[in-house]
Structures are given as C-alpha cells and as structure tokens.
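Work through the exercises below with the sequence and the model side by side. Try each task before you read its solution.

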Amino acid sequence: FKKGKVPKQLKAEPEIGHAIQVLNTLYLSDEEREIYENRQLWLLDEEEALRTAEIRGIIKGRVEGRVEGRVEGRVEGEAIGIEKGKIEMAVKLKAKGFSKEVIMEITGL
C-alpha cells in the first residue's frame with residue numbers, strides 16, 4: 001500500500017486503524033512527532049479530567065440522594081408517629097366513653 005492509500009475496509013478495523021496511525025507517526029519529523037505526542041498526552045489528560053468529574057458528580061449525587069432520602073424518611077416517620085399517637089389517643093378516649101365528635105375534635109382525626 002502507498003502511504004495514505006489504505007482501503008476503507010481495512011481502515012474500519014480498529015486494530016488496523018491504530019497500526020496505520022502508528023505507522024503514520026513514523027513519517028513525522030522530530031518536531032511534528034513531539035507536537036503529535038504532546039497532543040496525545042493532552043487528549044489523555046482531558047479524558048481523565050472528564051472521567052474524574054463524572055465520578056465526582058456520581059459520588060456527589062449519591063451523597064445528596066442519601067441525605068435527601070434520610071430527611072424524607074425522618075419527615076415521613078414523624079408524620080406516621082404523629083398519626084399513630086392520634087389513633088392511640090382516640091382509642092383511649094373511646095374507652096373512656098367520649099363521643100366520636102369529641103374524639104375527632106381533640107385528635108384532629
């Protein structure tokens with residue numbers, strides 16, 4: 001094959017595409033190779049920065065989700081506790097002979 005004249009079917013194969021890229025870098029001058037390698041390092045750094053940001057975002061989201069879940073759980077638990085307390089009070093009032101209307105007024109049920 002002549003340089004730059006690679007059939008499309010071969011370019012589509014990842015391994016061959018990578019090999020072609022490596023071979024093409026051999027034709028670069030020292031200055032061009034240094035520029036190319038610096039660019040590749042920069043791209044790797046950017047990719048790593050994005051991965052790090054993504055991981056931090058996932059961790060932050062999980063932490064916030066847990067905190068929010070705990071707050072919602074406490075609020076829901078308190079509401080359930082209050083309702084249970086009202087029901088217990090209503091049962092006791094009923095046992096003492098209070099009317100349904102009085103029990104509803106006192107407990108808010």
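**Exercise 1. Find where confidence is lowest and where it is highest in the protein.**

Step 1. Confidence here is pLDDT, the predictor's own score for each residue, from 0 to 100. Step 2. The low point is helix α1 (residues 8–11), with a mean of 75. Step 3. The high point is α3, at 93. Step 4. Set both against the whole: the protein averages 88, and 96% of the residues score at least 70.

Two ground rules apply throughout. This is a predicted model, in which local features need pLDDT of at least 70 and side-chain atom pairs count only at pLDDT 80 or more, while totals for chains, interfaces and linings use all residues. Residues are numbered from 1 along each chain as its sequence is written, and side-chain values use heavy atoms, with hydrogens and water left out.

**Exercise 2. State how many helices and strands the protein has, and decide why it counts as more spread out than a compact globule.**

Step 1. Count the elements: four helices and zero strands. Helices (H or I, at least four residues) and strands (E, at least two) are DSSP runs, numbered from the N terminus. Step 2. Along the sequence this reads α-α-α-α. Step 3. Compare radii. The radius of gyration is 35 Å, well over the 13 Å that the globule rule gives for 109 residues, so the protein is more spread out than a compact globule. The radius is taken over C-alpha atoms, and the rule is 2.2 Å times the number of residues to the power 0.38. Step 4. Look at the axes: the C-alpha trace spans about 105 × 30 × 15 Å. Step 5. Check burial: 6% of the 109 residues count as buried. Buried means under 20% relative accessible area, exposed over 50%, and partly exposed in between (1.4 Å probe, protein chains only).

**Exercise 3. Test whether the span of helix α3 agrees or disagrees with 1.5 Å a residue.**

Step 1. Helix α3 covers residues 30–95, which is 66 residues. Step 2. The expected span is 1.5 Å times one less than the number of residues. For α3 that gives 98 Å. Step 3. The end C-alpha atoms are 96 Å apart, which agrees. Step 4. Look past the end: α3 is followed by Gly 97, whose phi is positive, near 95 degrees.

**Exercise 4. Locate salt bridges in α3, and give the spacing and exposure of the partners.**

Step 1. The whole structure holds five salt bridges. The test is a side-chain nitrogen of Lys or Arg within 4 Å of a carboxyl oxygen of Asp or Glu.

Step 2. Arg 51 pairs with Glu 48, with the closest N and O atoms 3.3 Å apart. The two sit three residues apart in helix α3, about one turn. Arg 51 is partly exposed at 37%, and so is Glu 48 at 41%. Glu 47, Glu 48 and Arg 51 are linked in a network of salt bridges.

Step 3. Glu 64 pairs with Lys 60 at 3.9 Å. They are four residues apart in α3, about one helical turn. Glu 64 is partly exposed at 46%, whereas Lys 60 is exposed at 53%.

Step 4. Lys 86 meets Glu 83 at 3.9 Å, N to O. Both lie in α3, three residues apart. Lys 86 is partly exposed at 25%, and Glu 83 at 37%.

Step 5. Why does such spacing work? An α-helix has 3.6 residues a turn, so residues three or four places apart point the same way.

**Exercise 5. Describe the surroundings of Thr 107 and Thr 25, and say whether each is buried or exposed.**

Step 1. Thr 107 is in helix α4 (residues 100–107). Its relative accessible area is 5%, so Thr 107 is buried.

Step 2. List its polar contacts (N or O pairs within 3.5 Å; within protein, one atom must be able to donate a hydrogen and the other to accept it, and residues adjacent in sequence count only if both atoms are side-chain atoms). A polar side-chain atom of Thr 107 lies 2.7 Å from the backbone oxygen of Ile 103. The backbone nitrogen of Leu 109 is 3.3 Å from a polar atom of the Thr 107 side chain.

Step 3. Leave aside neighbours within four places in sequence. Thr 107 then contacts (heavy atoms within 4.5 Å) Lys 86, Met 89, Ala 90 and Leu 93. Lys 86 is also the salt-bridge partner of Glu 83.

Step 4. Thr 25 is in helix α2 (residues 14–26). At 14%, Thr 25 is buried. A polar atom of its side chain lies 2.5 Å from the backbone oxygen of Val 22. Beyond four places in sequence, Thr 25 contacts Arg 33 and Tyr 36.
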